[in-house]
Each structure stands twice: as C-alpha cells, then as structure tokens.
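Biologist: I am new to this structure and would love a close look at one small part of it. Could you pick up the model and walk me through it?

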Amino acid sequence: MRVYRADPLDIAFGIAALAIILGIVGFAVAGLLVAAGADASRSTASDAYTVRVVRFTLWQAGLSTLLSLAFALPLARALARRPHFAGRAWILRLFAVPLGLPAIVAALGIIAIWGRQGVVNDAYRWLGAEQPISVYGLPGILIAHVFFNMPLATRLLLAALERVPAEYWRNAAQLGLSAGTVFRLIEWPAMARVIPGIAGLVFMLCATSFTLVLLLGGGPAATTIEVAIYQALRFDFDPPRAVTLALIQIALTGALLGVLALLPRPEEGRGEGALPRRFDARSPGALAVDVLVIGLGLVFVAAPLAATLISGLAADLIALLREALVQRALVTSLLIAGAAACLSVVMAGMIARARHAAGGARRYRFAASGLRTSLAGAGLLILLVPPVVLGAGWFLVLRDHVDPFAAAPAIVVVVNALMALPFALRVLEPAYAGHMMRTERLSLSLGLSRMRRLLRVDLPALAPTVGAAFAFSMALSLGDLGAIALFGSQDLVTLPYLLLQRMGSYRTDDAAGLALILGFLCLLFMIAGTRYGGGSARER
Amino acid sequence: MTSPAIEFDDVCFRYDRGALEMAFDASIPAGSITAVMGPSGSGKSTLFALLAGFEQPQRGEIRIGAIDVTRLAPAERPISVVFQDNNLFAHLDVAANIALGQGAREAKSTAGKEQVSDALARVGLGGFERRRPASLSGGERQRVAMARALVRAKPVLLLDEPFAALGPGLREEMRALIANLHGQNALTTLIITHQPEDARAICDRILYVEQGSIRANEPTQSMFERADLAGWRDYLGTN
C-alpha cells in the first residue's frame, strides 16, 4: 500500500481535465436539450420516421452481432485447434488490420468485392444469375460490420481458448475425449464466458456505426440514428429531428454502456509462454474442416484489403498527390489529427496522473475515490455521446451566435481528441501506474523536484508509451469521418472528407488512390502505436 | 491388474526451439513407486510428456510391459496422469469429472455411478459427488483427480508434482493416500517431486534427471547415500 501524500498539483490538473471534458460534452448536451425544448412541438420520438430509424439501428446491430459471432466461433475454434502452422501469425496480424483501417477505406474495398461490378457479382452472373447482389442497404451494412467485427470477435474468442490451461488439452487427450466432447466440455465453456462481453461490444460498435451506414446504407429504409442526425443537419436542415435523434442515441448508448458494464470484459491477452499443444482434431476430416473455415475467413477479410490495395495502386497516385486540393486535404488531416492527438495525450496524461495521485490519498478518501471514478468516467464520455452527437450539439449551440463552420477546425480537433481519449487512456494509464510503482519511492527518497522528476524520470521512461498513445490517437483522428462530415466544407477538407466527395461524384479512380493513401497513413500510425504500446488499444 | 515395467530404450528428444535435448535409457520396475527428481528445467516434465504421449521422441522406443507405446496417442496408453493443477473441469461437478474416466455408456449406468462413489470413498471424499471444483481445497481437488485415475484403472500412474500446491498437513495426507492406493492396486507409479521427504516417505526408487540425462536410477535408500554424484548433492543442498 502506498503511504505518500497525493500531489495536489496532479489532482488540480485532473480536476481541470475533468472540467474541460465535462464542459465540452455538457455544452453539447445542453445545446441539444435547449433546442429540444424550443422545438418540442415539431418532432417527437414517436414519429414514424424516428421509430423506423431506431428500429433499424437495433435490428442491423443485432444481426451484425449475430453474424459476426456466428462466423467468428468456428474460425476461432479452427485457429485454436491448429496452434502451429506456417502463416498463422500473419493471419492474426491480418485480422488486426480492420481495427486500424478507416471505415471509409474499408467500405471502398467491400464495394470492390461485393458491389455491382465486384468479384462476387461477376461470379454470380457467370453462374447464370441475372439479379446481382446489392451491396447497398442492409446486406452491405451487414457485410461491412462483419468485415470489421468478425476478426475482432475471432481474436477475442481465440484468446479465450488460448487461456485454457494446457492440462485441459492433455487431460482430454489422455481421457480420449471426442471432438464433440472437447467442444462441449472445454471449448464452449471457455468461449461462452466471453461471448456476452464480445456480443455487447460488437453490438455497441454496430449501433454507433456511422461511416459504413452512411456509405452503404442506401436510403431512408437503411438509416441508423447517427446517420439520420447527420442527414437532419446537413441535408434536411431539421434541427428538432436531429435533437430528438441525438437524445435517443445518448439514451441508447447509455443503456448499452450500462449493460456492457455488467458483462465480463473480453481481453485479448492469453498469458505468457508458448501456445499449448492440442492433441484433438487429428483426423483428416477435422483438418479439412479447419482448413476450409480458416481459408474462408482469410479470403473474406483479405479480399477487400487486397482490392483497396490493387485499385489504389492502379490509380494515378503521382497526379493525385500533385493536386492542390489533395495536398491541402493531406496537410489539414495531419494538422487536425496531430492537434487532436496532442490534446488527447495531454488530457490522458492529466487524468492518469490525477487518478494515480487520488488513489494514494490518505485524507479525504471519499472525495479522492469520487474523483478517480469521475475521471475514469470522463475519459469514456465520448462513448456515451458519440462524435456525431457531440458535433450536432455544438453545431446547435454555435448556430445562434456564430457561423458553425467558422469554428469547424477547432470543433473537429476537440471532438477527435475526445474520441481518441479512451484509447489513449488505455495505453497510458496502466503504463503510468506501473512506472510509478517502480520509481515513485526512489524518486521521493531522492527528493527530486517535480519538474526534474518529470523531465529526467517520468518522460524518458514513458516516452515510448506516450508515443504509442499519440500514434493511436493520430490514426483514429486521421481516418475519422464523424465530426468532419458535419463540419466539412470547401474551406475545411480532410482526406476522409475529400474521399467521400470523390466517391459521391463517382471519381472512383481518385477515390481508390485517396483510400490507399489514407489507409496507408492510418495503418502506419497504428503499427507504430502497437509496436511501442505492446498491443492494440482499440481492442482493449 | 498386473502392473507392467516401463522401459525407455535409447530415447532421444529435442524441442523444436532446441531448449532442451534429452537422450536416455531407463528402466522402471513393475509395481514400483519412483520419484523423478532433478533441478528445474532438467527434463522431468519432458520425460513425463514422452511417457504420457504428449511429446514424441525423435528416436528410440518406449515400452510399457510388452507394448511399444512410442507412437500411441495419449488416450491409447495404459497410463493415468494427475497434473499439478487444473485436473478438473470447473463447470462440472466432482462426479462428472470422475465419470470422464469411464466410457460414455458406463458413466450413465448404475454400476458406473457406484464405481464413482466408491472411488471417491477410497480417496476420502465420500459424498462429494455434487460438489463443484471451486468449492474444494487444493488437496481435495488432487484427491478427485486421483479418484478419476482409480476409475480409469490404468496400470501406470504419473503424478506431476502432486504435492506442490499443498501445505505440510495436506502433503502428509496426500502421501498417505498415494501409498495406500499403491498398496491396494500395485500401480507402477512415477511422481515428480522436489522434496526429498516425499521420496523417502513413499518411493522405492529415485530417478535423478539432470540436463536432459538420467544420472541415476536407484533404490531410494542407496540414492540418498550416494556422495559421488556432485549434481545430486548440490540439488539436495548437502554439498
């Protein structure tokens, strides 16, 4: 147990961070509530459109969750049964790629495979079918959500299977248990423990999905709450409807977060040591099934990525990069993402330090505990109030006083910083706590001043972690189409926004080239973050 | 049940990563209790894994009685193994865990259920059938694993550090149980242990493993009297 006095400056910085976050989110929510009060007569939560949107949001999220898990279960099982084959590590790395890929880039790859002119429909027509599969509407949304979430679910289920003690597999082998019994006694109980948590997480991600639904939704029949908010503000200019939908979205995410808090949180780590050997599933039939399942999973994930790469390389990248608007979008993206990442990391650092300091407080323990909880909650507030809702709130707050588009860069930076905050915190906080455990006593015994300790001890030791948090935040912000979709204009163009414009104007070659550039940049930052941060914060 | 002797004939094994290379011959008399001792990383667990079928030697032959088991799957070998930990499936009750040692039909039969109850009684856990592993102490869990080994009725029993997680009292109890069951069934038993008193208390022989080789394989009494084996004295801390 720590017995030192909490540093009041750390606590003060933490309270400042808390006030800033609450201020940003609070103003947005207050703006929504005020607007709701003023326009209450014009839109209600029970009008047919709103009900349809809410129902579709839940329906597509439920189906996406079901499908993601249905495909992930056999895939995770097959990968767990084959712990030592050449290329397995690369398949798992490939399954991490969708986590670092901007949704807009993946959507292009999915259209290339599943779209009207895509490989799947070519094969469909070759088989003699006249009516191709439509990637727009519910099928497209489901394919895209499965593309993003099936690999995540697979990795989490696989981790659960790999955490099964090696003795279980040995016991099963020794007792001569059949594959069915091994599944019933070992595999299913191991996976069943984490399935509720994974299902909750995937449902949450799909219920708050914006970019994929915006690109693949295809009309009012396939619109989710977040996309409806965007449409209400950008196209219909119907703020009351946006307010109603935003409040429903907050209530929905609040309820989902409440349920998620009750469920066991799935972890990706599997502990230390080599993978345990499996002695079951040695028959040729079992091998054939596993090869087929892994092969199908691999093709499903790899094909859109390969399509993005191939069509991107086919585009005239040099000409594209010479284009003034592309250069401006690239610089704007990097500046916004850099500023958002800086802000996110600074806030995460303030929260981590304050939470640590409050954890060691010997006096006012109740208040300290309350501060710790509040800071943890503040870091996750963006999950409750998603970027589009936050942007909508600020849009409504500002519209009566200034031109919302004039404040757009600052708002996009702040919203993106808050969006990246949970991920930056997940990287920084455990590392900071570990660092303090190792160095706090020594630093105190040496009587180092606060600044000297920060510069000579804390920053050098935590530099890789800070870098990782920055890289993750940068990648997330670079690829985001949430706030910029609301606030983007001719004066404020980022790469995702420009990509959306080029897709909208059917300049597919340009879009493919931009997608490659954007995807490459995001993956670069994500890989840097994973390398220095010891894992993907996004998964955690 | 007649217990067989175990023969390791020119066995050679190396892990893929080259962490340990083992090359040895050994003979374990039928019906004996042998303590397998040696420093950490010396190859004791690998020797068990080779015997149980969890690893395959690159060369040589392993025989149990007259049967060459070298290429047999773990379930096909006449062996029961009790691991140091994680012997029981947490979501199954004690009876269901033990019944896994029986055939599916036998497990459902009245005779099978009686056999489970009898095995539990023999390890001193009569009436524990419906208990969950989580509600048992470490010693009780080991006893349940022993009961399953009894139900399986295999002539060779491998115990991988069965006393490691137990306090002195439970350790004593467990030793008595193993000695008692061995007396009743005359199983050829191998026990990995680090404690000389375990070997002294219940083992006829000691098989001393060092750096992947078997340096000694002798009756317990004479093994403790050996002064010429420097590694063994170092291991015991008596040098």
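**A close look at one glutamine**

Biologist: Where is B:Gln115 placed in chain B, and which residues does B:Gln115 touch, leaving aside those up to four places away in sequence?

Modeller: Happy to help, and please keep in mind that this is a predicted model. Let us begin with the chain as a whole. Chain B contains nine helices and 10 strands. Its radius of gyration is 18 Å, which agrees with the value near 18 Å that a compact globule of 239 residues would have. The C-alpha trace of chain B spans about 55 × 40 × 35 Å along its principal axes. In chain B, 54% of the 239 residues count as buried. Of the contacts in chain B with a separation of 6 or more, 66% are between residues 24 or more positions apart.

Now to your glutamine. B:Gln115 sits in helix H4 of chain B, which covers residues 110-122. Is it buried or exposed? B:Gln115 has a relative accessible area of 26%, and partly exposed is the right term because this value lies between the 20% limit for buried and the 50% limit for exposed.

As for its neighbours, once residues up to four places away in sequence are set aside, B:Gln115 touches B:Gln102, B:Glu106 and B:Val151. Take B:Gln102 from that list: B:Gln102 and B:Gln115 are 13 residues apart in sequence, and their C-alpha atoms are 9.5 Å apart in space. So the picture is of a partly exposed glutamine in helix H4, in contact with B:Gln102, B:Glu106 and B:Val151.

How values were computed. Residues are numbered from 1 along each chain as its sequence is written. Chains are lettered from A and ligands numbered from 1 in the order in which they are written. This is a predicted model: local features need pLDDT of at least 70, side-chain atom pairs count only at pLDDT 80 or more; totals for chains, interfaces and linings use all residues. Side-chain values use heavy atoms; hydrogens and water are left out. Helices (H or I, at least four residues) and strands (E, at least two) are DSSP runs, numbered from the N terminus. The radius of gyration is taken over C-alpha atoms; the globule rule is 2.2 Å times the number of residues to the power 0.38. Buried means under 20% relative accessible area, exposed over 50%, partly exposed in between (1.4 Å probe, protein chains only). Contact means heavy atoms within 4.5 Å.
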